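These are my notebook entries on a structure that I went through one element at a time. I set down what I looked up and what I found.

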Protein chains: 2
Amino acid sequence: MQSQVKRRSARPRPPSAVTLQQVAQVAGVSLATASRVLSDSNRNVTQELQERVLEAAARLRYVSNAPARALVQSTTSIVGLIVHDVNDAYYSAIAAGVMEVARDHKLLVMLAGTFHEPGLQAEYVARLRAQRARAVVLAGSGFTGGSPALTQELEAFAAQGGRVTAVAHQDLPVDTIVPGNREGGRAVAEHLAQLGHTEIGIICGPLALVSVQDRLHGFLERAAELGISVQERHRVEADFTRDGGRAAAVRLFRRSPGITALFALNDAMALGALAALRDDLGRSVPADVSVVGFDDLPVACDVTPALTTVRLPLEEIGRRALLLALGDATASPRTLAVPSRLVVRASTAPPPRPTG
Amino acid sequence: MQSQVKRRSARPRPPSAVTLQQVAQVAGVSLATASRVLSDSNRNVTQELQERVLEAAARLRYVSNAPARALVQSTTSIVGLIVHDVNDAYYSAIAAGVMEVARDHKLLVMLAGTFHEPGLQAEYVARLRAQRARAVVLAGSGFTGGSPALTQELEAFAAQGGRVTAVAHQDLPVDTIVPGNREGGRAVAEHLAQLGHTEIGIICGPLALVSVQDRLHGFLERAAELGISVQERHRVEADFTRDGGRAAAVRLFRRSPGITALFALNDAMALGALAALRDDLGRSVPADVSVVGFDDLPVACDVTPALTTVRLPLEEIGRRALLLALGDATASPRTLAVPSRLVVRASTAPPPRPTG
DNA sequence: AGCTGCACTGAAAGCGTTTTCCCATTGCGC
DNA sequence: GCGCAATGGGAAAACGCTTTCAGTGCAGCT
């Protein structure tokens, strides 16, 4: 009954945890039986033994060793989530969606932050591959042209059965969510044109980002269709942050004071621009200048004036991303478009003087 | 040289990953040698063999199986982070700090969200214990009176060598970070008193939360010292969210229109209160009513008027929390106070008419 | 030449599980 | 009353790795 108690080497190890063996011993059953009771095995165990095992496990506060389990089953309940910066409301919204689905599926989420270092994405995929994560959600926007290292890592991950969903990436051999960036850009162009703006400034994020490109091109495309051309010097590139937006707005208005509308390619930058217009440039919004953002972060309706922006259902994107990765593997790679929607608030109005 | 190739049962498993065995075989060395090259062992291997192994590993895109590694070393490079809601700027700021330290220590972060369900904290600790996480940061504020289930889980975790830091918890047998909640509450009382406010409303979060209690009592304590008493009916309890704050502000002003200052126990609620005052109650801030928040989320300076609030260095709290958990185990349990600081902005001013 | 000591490699043990295989017992039909 | 399927329990294999232990070859010494 207790024939399996073995001596073990006295290597310096951390204080050891309760093992199934100990539970079995306390319950007076074999290891196999204990396992069958505690893991949901398809074999049955007598009521009697079952209770004994359960009681022993509870008394010892036993929890099964997940790595050991992972080893034998060669699968885990871990999913990875790779973002650029957790403290960015865009990503934390996506993360919330991912976590919700993870909770419902009893999965654990491994959160990796690249801190905007491009190379780290591939590295984290590798680490999650090492962890034998079931799935990975690449929430951070990709870089135009893709990254060979990342692609290779993803292939290796897929080869071992890992599933991946990428959000706003291009040419990756995985399920991809395409947020309505282009379409949102178009809507903004339409809105500003309709209000009568012709002198429009654009504050871009890093042009290497897929989502920046999409938003920008959507806008330019539609603007062109409506006969508005945005001069090269009315476009500035900035960090995708509040401070980036603020500095960019100042630069832009110093250079081209005649601008009557400002399209910031995300809300964070729009917030910065709002601050710049108010505190640094002394322009009032929307009377002097209209401002549009992108993302519709919760803040957007708390600033004054409330920000006109493009709503991206970020939590839903997170949810869909994980669900996609958890879903049917054979259909992969799929592409899922998530629409965006213009939300007009108080930060946009007709330009101060009639155009022309 | 390749004597260890074994037959394996044809159980249906996911497409299998590259193993060290395969690398060894390709490199023409033994498993042991390959391991010595790829794990940073203290044994050395000839230059020649080393290169062969490295090359084979690279070619096969080998990454070592973390669960297997964890099993034999009985430790992992995983740390847990338990929050109530990732999409809450308070927690994402703490998370950012934790992730920063994790990155520097090459640790992976497992993020668990309780979605405000109290019981889930203990459950997640158990799951992280099962994962053999090295450390856990309990970022979500605790409940007054503590939770026996949580305490027991933490003890079990500690018993197997796990380290824990709790933020704003009480009576837990682990390292604890005590944010300057009480002290911040006192500072707010002082500030409002100095401006001449005597009719002060308080929007509390769930009173069961330790941080709510601390903030509230700090405030009341100092207010009392200064001869101001906050009537019971000037205090309302609300969800710790923007919407909670908004609804509470409306309730409060309907009931007690004479209030000249409002202390919301966190910024999210203060934002809601601001919205309520502006949109629902038609009061101007700070001319009619002063508003104070707590946390100093990034939003605080983007709203109009910019919010007077108590700054809590959240990222630093996150950093310190993980560092504490990673640090000297023998000194545990320790307590680390992190000071807060009142940040006066534009949302507070003297009350509309002189008191008395 | 024969040994000692050194430097390295390889075989094998073991980490804590799940699962397979085998055995013992029971219930059933004939 | 006997064989046979069905049931449930235990021993042991296997998962992929690290590490110990036991070689093996070779230089350096006596």
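**Entry 1: a pairing across the two chains**

I began with V109(A), which stands opposite L111(B) in β2(B). I noted at the outset that the model is a predicted one. The pair belongs to a strand contact between chains: β2(A) is joined by three bridges to strand β2 (residues 108–113) of chain B, and the two run antiparallel.

I then asked which strand of chain A itself is joined to β2(A). Strand β1 (residues 78–83) of chain A is linked to β2(A) by six bridges, and these two strands run parallel. Within this pairing I located G80(A) opposite M110(A) of β2(A). I also recorded the connection: β1(A), helix α5 (residues 89–104) of chain A and β2(A) form a β-α-β unit that is right-handed.

**Entry 2: burial of β2(A)**

Next I checked how far β2(A) is enclosed. The side chains of a regular strand alternate between the two faces of the sheet. I therefore took the faces one at a time, and both are covered. On one side L108(A), M110(A) and A112(A) are buried; on the other, V109(A), L111(A) and G113(A) are buried. Because six of the six residues of strand β2 (residues 108–113) of chain A are buried, the strand is largely enclosed by the rest of the structure.

**Entry 3: the interface as a whole**

I turned to the relation between the two copies. Chain B can be superposed on chain A by a turn of 180 degrees with a shift of 0.0 Å along the axis, and the RMSD is 0.0 Å. The two copies are thus related as by a two-fold rotation axis. The same surface serves both copies, since 98% of the contact residues of chain B recur in chain A.

How many residues of each chain are in contact with the other? I found 65 residues of chain B in contact with 64 residues of chain A. Interface size is often expressed as the accessible area lost when the parts come together. Here about 5600 Å² is buried between chain B and chain A, and carbon and sulfur atoms give 54% of that area. In chain B, the residues that lose the most area to chain A are R61(B), L108(B) and D302(B), together 12% of what that side buries.

**Entry 4: two residues of chain B**

I looked up S16(B), which lies in the segment before α1 (20–27) of chain B. Is S16(B) buried or exposed? Its relative accessibility is 56%, so S16(B) counts as exposed. Leaving out residues up to four places away in sequence, S16(B) touches A159(A) and Q160(A).

I then looked up Y91(B), which is placed in helix α5 (residues 89–104) of chain B. With a relative accessibility of 7%, Y91(B) counts as buried. Apart from neighbours within four places in sequence, the contacts of Y91(B) are V83(B), H84(B), D85(B), A139(B), G140(B) and S141(B). For A139(B) I noted the separation as well: Y91(B) and A139(B) are 48 residues apart in sequence, with 7.2 Å between their C-alpha atoms.

**Entry 5: the four-stranded sheet of chain A**

In chain A I followed an open sheet of four strands in the order β7-β6-β8-β9, with parallel pairing. β7 (235–237) and β9 (290–292) of chain A stand at the edges with a single partner strand each, so one side of each has no neighbour in the sheet. On average, neighbouring strands of this sheet are turned by 15 degrees against each other, direction ignored.

Inside the sheet, four bridges join strand β6 (residues 200–204) of chain A to strand β8 (residues 261–264) of chain A, and the two run parallel. One position I checked there was I203(A), which stands opposite A264(A) in β8(A). Helix α10 (residues 242–255) of chain A packs on the sheet and touches β6, β7 and β8 of chain A; its direction makes about 145 degrees with that of β7(A).

**Entry 6: the sheet in chain B**

I finished with chain B, where four strands form an open sheet in the order β7-β6-β8-β9 with parallel pairing. Strand β6 (residues 200–204) of chain B is joined to β7(B) by three bridges, and these strands run parallel. The bridge partner of I203(B) in β7(B) is V236(B). Helix α9 (residues 210–225) of chain B packs on this sheet, touching β6, β7 and β8 (261–264) of chain B, and its direction makes about 165 degrees with that of β6(B).

Notes. Residues numbered from 1 in each chain as written. Chains lettered and ligands numbered in written order. Predicted model: local features only at pLDDT ≥ 70, side-chain atom pairs only at ≥ 80, totals over all residues. Heavy atoms only, no water. Buried < 20%, exposed > 50% of the residue type's maximum accessible area, 1.4 Å probe, protein only. Pairing = 2+ DSSP bridges. Right-handed = clockwise from strand over helix to strand, strands pointing away. Axes fitted to C-alpha atoms, helices over the stretch in contact; angles between N-to-C directions. Contact = heavy atoms within 4.5 Å. Least-squares fit on C-alpha atoms with pLDDT ≥ 70 in both. Buried area = accessible area lost by both parts, 1.4 Å probe.
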